[in-house]
Number of protein chains: 2
Amino acid sequence: MEASSTWQDEGEELVEAGLRADAERNRQRILVAAEEAFLERGADVPLEEVAKRAKVGIGTLYRRFPTREALLAATSNERFLSVAEMSRARDADGDPADAMRQFLEDLAMNTSVYQSLAASLGTVIQHGTPGCNAITAEGQRLLQRAQEAGIVRGDVSFDDIICVVSGIAIAVEKDSAPASRVAHLVDLLLTGMRVR
Amino acid sequence: MEASSTWQDEGEELVEAGLRADAERNRQRILVAAEEAFLERGADVPLEEVAKRAKVGIGTLYRRFPTREALLAATSNERFLSVAEMSRARDADGDPADAMRQFLEDLAMNTSVYQSLAASLGTVIQHGTPGCNAITAEGQRLLQRAQEAGIVRGDVSFDDIICVVSGIAIAVEKDSAPASRVAHLVDLLLTGMRVR
DNA sequence: ACCTGAACACCGTTCAAGT
DNA sequence: ACCTGAACACCGTTCAAGT
């Protein structure tokens, strides 16, 4: 998945290596337009509308983002990066269990920013963007540390967690009080993971 | 949701009341065709193909099943009924915790029979068919008994359960070893619900 | 009351022509 | 190398005409 593309961090922006200047400019405009369109109309918004908002031809959009998931992964990139970073910062001086809880709540909340993004979290998370990689790395790190500390059962995998977080995010998309429901469901999951 | 339609149980078959004989015949053929098509091609199969297999006009399909979810609820009806019935039978002489575990595993497995049915479990379950009602009733009964016995936390709702079961079913749809994974994830959920 | 399928609308995806 | 948008394919949904 996107194995051939490489990424460069330039300050806040994510830039794909080796693109001609005009192509990179178009790419950024597509990302901005997609973010807007996803927020207003959900992850199912017609890609034609994204192209129209970005003022590029539909072919250009397909050239950069061959699938809807690739586009979703790209627009989620910054959000995912910040979730991972906040988690790393928190974990330095806090309780591992609290760090895990907060990480999962953040992930679930950030997976329900667009209507119907949650259903494809499992696919999106494997897209190899820096944000996706950061989430995976941080999640696995927290999981391993918690397991070593005996706080989490040994038979729980990161995959299991992603699956249940998807379920939580799906439920929350249709919910009126997202935040408290997320907290409740994450609590359920955490208790489930804890060794008896 | 289908509030105006009434249902009659006639042996194994579910028959909608007040339909002309030819209409009821068509309805049954749509159900058979839909079941086949969903199994072979997933819950996303074009409705035109279902109509073609049933040898009815597409308009007839829309007349009986105004939405895809209504059709999914109808084809899932027998499966859901049998899940609820098996659960009731089991519960009579067994351990309440085991009854709950088996019920959740059955529900998750039967929610992943068609590719991409799981994503709409939350919507489908509210469709008022006998099967959906039976699942809801049985689930709530098991939950209440388990809570009264102090086996399950008091702050868990049936909604919470449906949500996590959806997540499990979604994960399992894409999985190669469904049965064992379902068991593992249900175990996680159950431990989560248990009072500490 | 019910059935049919043509007609319309909408969206995804490709690709020939152009810079 | 990159962009464009017409063209094609496909699917959902409605509705006038028919039994």
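So, A:G57 first: one of its backbone N or O atoms sits 2.7 Å from a phosphate oxygen of DNA strand D. That counts as a polar contact, by which I mean a pair of N or O atoms within 3.5 Å; within protein, one must be able to donate a hydrogen and the other to accept it, and residues adjacent in sequence count only if both atoms are side-chain atoms. Before I go on, this is a predicted model, where local features need pLDDT of at least 70, side-chain atom pairs count only at pLDDT 80 or more, and totals for chains, interfaces and linings use all residues. Residues are numbered from 1 along each chain as its sequence is written, chains are lettered from A and ligands numbered from 1 in the order in which they are written, and side-chain values use heavy atoms, with hydrogens and water left out.

Okay, back to DNA strand D. Chain B reaches the backbone of the DNA too: a polar backbone atom of B:L47 is 3.0 Å from a phosphate oxygen of strand D. For a base, look at A:R20, where a polar side-chain atom lies 3.2 Å from a base nitrogen of DNA strand D. Which elements give two or more residues to the surface near strand D? From chain A they are α1 (21–41) and α3 (58–64), and from chain B α2 (47–54) and α3 (58–64). Helices here are DSSP runs (H or I, at least four residues), as are strands (E, at least two), numbered from the N terminus. α3(A) gives the most, with five residues.

In total there are 18 residues around strand D, and A:N26, A:G57, A:T60, B:Y62 and B:R68 come nearest. "Near" means that a heavy atom of the residue lies within 4 Å of the strand. Of the strand D atoms within 4 Å of the protein, 67% belong to sugar or phosphate, and the rest to bases. By class, that surface has eight nonpolar, four polar and six charged residues. In this scheme Ala, Val, Leu, Ile, Met, Phe, Trp, Tyr, Cys and Pro are nonpolar, Asp, Glu, Lys and Arg are charged, and the others, Gly among them, are polar.

Now strand C. Here 17 residues surround the DNA, and the closest are A:Y62, A:R68, B:N26, B:G57 and B:T60. Sugar and phosphate make up 69% of the strand C atoms that come within 4 Å of the protein. The side chain of B:N26 has an N or O atom 2.5 Å from a phosphate oxygen of strand C, and the side chain of B:T60 has one 2.8 Å from a phosphate oxygen of that strand. And a base? B:G59 puts a backbone N or O atom 3.4 Å from a base oxygen of strand C. α3(B) brings the largest share of this surface, five residues.

Next, how the two chains meet. Each side is listed by contact, meaning heavy atoms within 4.5 Å: 24 residues from chain B and 24 residues from chain A. Together they bury about 2,000 Å², 57% of it on carbon and sulfur atoms. Three residues, B:C163, B:L188 and B:T191, supply 25% of the area chain B buries against chain A, more than any other three. Buried area, by the way, is the accessible area (1.4 Å probe) that two parts lose on being put together, summed over both.

How many salt bridges cross between chain B and chain A? The rule finds four, the rule being a side-chain nitrogen of Lys or Arg within 4 Å of a carboxyl oxygen of Asp or Glu. In one of them, B:R181 meets A:D160 at 3.1 Å, N to O. On the chain B side, α8 (158–173) and α9 (178–193) are the elements giving two or more residues.

Last stop, inside chain A. It divides into domain 1 (1–66) and domain 2 (68–196), with bounds from an automatic or database domain assignment. The contact takes 19 residues from domain 1 and 18 residues from domain 2. The two domains bury about 1,700 Å² between them, 65% of it on carbon and sulfur atoms. One salt bridge crosses this interface; A:R79 and A:E35 pair at 3.1 Å, N to O. On the domain 1 side, α1(A) gives the most, with six residues, and the residues there divide into 15 nonpolar, one polar and three charged.

Definitions and conventions
Contact = heavy atoms within 4.5 Å.
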